[in-house]
Amino acid sequence: MSNLADVIASLEHLAPLRLAADWDNVGLLVSTKKPVIHRVMTCLTLTIDVAREAVSQKADLVVTHHPLPFRPVSRINEETPTGAILVELVTAGIGVWSGHTAWDSASHGINAMLAEILSLQDVAPLEPDEIDSSVGFGRMGTASSHNTVDAVIQQLTSSLGCPGCSVAGDPSRSAGQVGIVCGSGGESVPIAAAAGCQTLVTGEIKLHDALEALAHNMTVIAVGHHRSERFAMERMAEKLSTALPDLHCWASTVEQDPLCWLPNR
């Protein structure tokens with residue numbers, strides 16, 4: 001039998017909150033009065049459809065990657081998307097916990113998982129944590145000597161189920177030192193360049209950030225924000241189930257990428 005404190009302790013073991021960026025909003029964002037936690041649902045982003053799934057499936061807690069609320073709200077009602085979601089969950093007594101950038105940076109978090117998918121060697125954070133240098137912002141590692149950028153693309157798209165991706169630079173060149181920043185990683189281009197990366201893997205990137213990467217002779221692979229992170233919420237449900245076997249944990253089944261790739265017709 002697990003209470004809320006047990007579940008939070010397990011979550012914070014996976015994603016220590018001290019690793020979160022100082023601008024982030026992490027931890028228990030919406031509390032629950034339920035004395036025992038039986039059912040936990042994970043998701044990347046809390047939408048009204050995901051909230052209604054949590055209610056219909058009788059979840060006690062939702063573990064969302066993207067925090068909700070993220071910024072302070074002046075009122076909670078059904079007239080705004082955030083308010084409608086919170087009303088749905090609070091009425092049902094469902095709590096909300098978010099790890100966000102702490103889960104990105106953790107030792108077995110999202111960026112570390114992406115490095116593992118690519119079989120990178122000598123993996124280390126792009127920016128090490130001041131207390132523990134084995135964790136921190138982003139990851140970087142060396143691709144196999146015969147791996148081209150295109151080979152990295154094929155491995156990523158196959159593993160993450162991507163129908164395509166955006167690429168800036170020459171996909172036939174050697175991947176070399178690969179930097180990884182899940183989600184929206186465009187602002188990390190200078191960090192990756194300073195670390196000596198020849199390739200940057202991220203979720204999404206703005207035009208001018210991509211141009212800056214090219215100016216640094218760095219190739220960029222952007223697989224989509226959702227695809228770069230959603231898989232890790234499925235992994236989190238598995239890890240939480242292993243840590244607390246009495247819990248029923250699952251990843252949202254209704255959550256979808258709001259952006260889709262349409263082939264030429």
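Begin by selecting Trp-23, which in this predicted model is exposed, with a relative accessible area of 52%. Add Phe-70 to the selection, and colour this residue as partly exposed, since its relative accessibility is 30%. Together Trp-23 and Phe-70 form an aromatic pair of the edge-to-face kind, with 6.2 Å from centre to centre and 85° between the planes. If you now show the backbone around both rings, you will see that the pair links distant parts of the chain, 47 residues apart: Trp-23 sits in the loop between helix H1 (4-14) and strand S1 (27-30), and Phe-70 in the loop between strand S3 (61-64) and helix H3 (81-92).

Next, move to the sheet, where 6 strands are arranged in the order S5-S8-S10-S11-S12-S9, an open sheet with mixed pairing. Select strand S5 (121-124) and strand S9 (166-168) to mark the edges; each has a single partner strand, so one side of each is left without a neighbour in the sheet. Looking along the sheet, neighbouring strands are turned by 20° against each other on average, direction ignored.

Stay at the S9 edge and add strand S12 (residues 219-222), which pairs with S9 in the antiparallel sense over 3 bridges; to find one of these contacts, pick Ser-166, whose bridge partner in S12 is Ala-222. From here, select helix H6 (residues 149-160), which packs on the sheet and touches S9, strand S11 (199-204) and S12, its direction making about 15° with that of S12.

Finish with helix H5 (residues 110-117), which lies across S5, strand S8 (139-142) and strand S10 (177-184), and runs at about 135° to S10.

Notes
Residues numbered from 1 in each chain as written. Predicted model: local features only at pLDDT ≥ 70, side-chain atom pairs only at ≥ 80, totals over all residues. Heavy atoms only, no water. Phe/Tyr/Trp six-rings, centres within 6.5 Å; stacked < 30°, edge-to-face > 60°. Helix = DSSP H or I, 4+ residues; strand = E, 2+ residues; numbered from the N terminus. Buried < 20%, exposed > 50% of the residue type's maximum accessible area, 1.4 Å probe, protein only. Pairing = 2+ DSSP bridges. Axes fitted to C-alpha atoms, helices over the stretch in contact; angles between N-to-C directions. Contact = heavy atoms within 4.5 Å.
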